[in-house]
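The following text walks through a structure one chain at a time, with stops at a few individual residues. Keep the viewer open while reading.

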Amino acid sequence: MFIERLLNQGNAPLLERTLEFTAARHKLIAENVVNVDTPGYQQKDMSLEKFQAMLRNRVEARRNAAPGAASFADIDGELENPERGILFHDGNNRSMEQLMSDQAKNALLHNMVVELLKKQYSAMENALRERVT
Amino acid sequence: MFDVLDMGASGLQAQRTRMDTIAGNIVNANTTRNAQGQPIPYRRRFVLFAPGQAGSPDKPGVRVQEIKLDQSPFQKRHEPGHPDADADGYVKYPNIDLAMEYVNALEASRAYEANVTMMEVSKQMLSASLRLIA
């Protein structure tokens, strides 16, 4: 209970959800890359902006809620088929450049979030040990 | 998250099969007889990709669904001295356009590279996540 409260305050749950999101989005981008030559394949993606907007709304809600009442567990990215790039004759709307830039941005975000979480965990560890390592 | 790597592997496998097919087309670009020695030229082969991994199509990935024979007409060249020439002196050559095969090979190798890149990024992201625990 105490540990759970400790882990669910501040931006830790936000980071955790973002990590889930980047992992899921990476999977979708990899699927798009793998199917870059598959006829009729429609690109899949999740919007980072929409996801962050959902998080933002929940943070607003948390401010007015009782401590520990607001949970971020139900926030997830939404699968969508973005209309971008041109539709090729084989029915595939690939855009390798877009995929590679999405992939790079997503991986950077993932690594950044991992670093931030690591910082938080080590800070928590320090607090628990009551001495700085 | 680990199955991202399986997905990448399915892409590599599919693109390599495509490359094998293209290599088969290129080496047989001038083959005027079939394996039995009959004067039937080699038909161009091409791969058909479908989403879903080979063996388990419900998993995300890609697979070679079929290797099809290109039914477009054979090229005819006027070579009266050729042993496979018909009564009018025309020899049927495979329906293979080398330029097209080269372009396809280039595309396959680029797609292969893209999959390798994705797998490397996946590995790096995975190890970053794993370092959270350690």
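Is A:Asn35 buried or exposed? The coordinates come from a predicted model, and in this model A:Asn35 has a relative accessible area of 0%. Since the limit for a buried residue is under 20%, A:Asn35 is buried. Its place in the chain is the loop that joins α2 (12-34) to β1 (45-46) in chain A. Apart from neighbours within four places in sequence, A:Asn35 is in contact with A:Tyr41 and A:Asn92 in chain A, and with B:Ala50, B:Pro51, B:Gly61 and B:Val62 in chain B. The partner A:Asn92 is 57 residues away from A:Asn35 along the chain, yet the C-alpha atoms of the two are separated by 8.9 Å.

The helix that precedes this loop is α2 of chain A, residues 12-34. What span should its 23 residues have? At 1.5 Å a residue the expected value is 33 Å, and the end C-alpha atoms of α2(A) are 33 Å apart, which agrees. Of the 23 residues of α2(A), 19 are buried, so the helix is largely enclosed by the rest of the structure. As background, an α-helix has 3.6 residues a turn, so residues three or four places apart point the same way.

Now the whole of chain A. Its secondary structure consists of four helices and two strands, and their order along the sequence is α-α-β-α-β-α. The radius of gyration of chain A is 19 Å, whereas the globule rule gives 14 Å for 133 residues, so chain A is more spread out than a compact globule. Along the principal axes, the C-alpha trace of chain A spans about 65 × 35 × 20 Å. How many of the 133 residues of chain A count as buried? The share is 39%. If contacts in chain A are restricted to residues at least 6 apart in sequence, 74% of them join residues at least 24 apart. Chain A exposes about 7900 Å², and 55% of this area is supplied by carbon and sulfur atoms. Its charged side chains are 17 positive and 19 negative, with the centres of the two sets 6 Å apart.

Chain B can be read in the same order. Which elements does chain B have? There are two helices and four strands in chain B, and from the N terminus on they run α-β-β-β-β-α. The radius of gyration of chain B is 21 Å, while a compact globule of 134 residues would have a value near 14 Å. The C-alpha trace of chain B spans about 75 × 25 × 20 Å along its principal axes. Of its 134 residues, 37% count as buried. Among contacts in chain B with a separation of 6 or more, residues 24 or more positions apart account for 54%. The accessible surface of chain B comes to about 7600 Å², with 56% of it belonging to carbon and sulfur atoms. Chain B carries 15 positive and 15 negative charges, and the mean positions of the two sets are 2 Å apart.

Two residues of the second helix of chain B complete the tour. B:Asn115 lies in α2 of chain B, which covers residues 98-133. With a relative accessible area of 1%, B:Asn115 is buried. Which residues is B:Asn115 in contact with, leaving aside its neighbours within four places in sequence? They are A:Val33 and A:Val34 from chain A, together with B:Gly8, B:Gly11, B:Leu12 and B:Gln15 from chain B. A:Val33 and A:Val34 fall within α2 (12-34) of chain A.

B:Ala105 is also in helix α2 of chain B. Its relative accessibility is 15%; because buried means under 20%, B:Ala105 counts as buried. With neighbours within four places in sequence left aside, B:Ala105 is in contact with B:Met19 and B:Ile22. B:Ala23 lies 82 residues from B:Ala105 along the chain, and the C-alpha atoms of these two residues are separated by 8.2 Å.

Conventions
Residues numbered from 1 in each chain as written. Chains lettered and ligands numbered in written order. Predicted model: local features only at pLDDT ≥ 70, side-chain atom pairs only at ≥ 80, totals over all residues. Heavy atoms only, no water. Rg over C-alpha atoms; globule rule 2.2 N^0.38 Å. Buried < 20%, exposed > 50% of the residue type's maximum accessible area, 1.4 Å probe, protein only. Contact = heavy atoms within 4.5 Å. Areas by Shrake-Rupley, 256 points an atom, 1.4 Å probe, with all protein chains shown as cover. Lys, Arg positive; Asp, Glu negative; His and termini not counted. Charge placed at Lys NZ, Arg CZ, Asp CG, Glu CD. Expected span 1.5 Å × (residues − 1).
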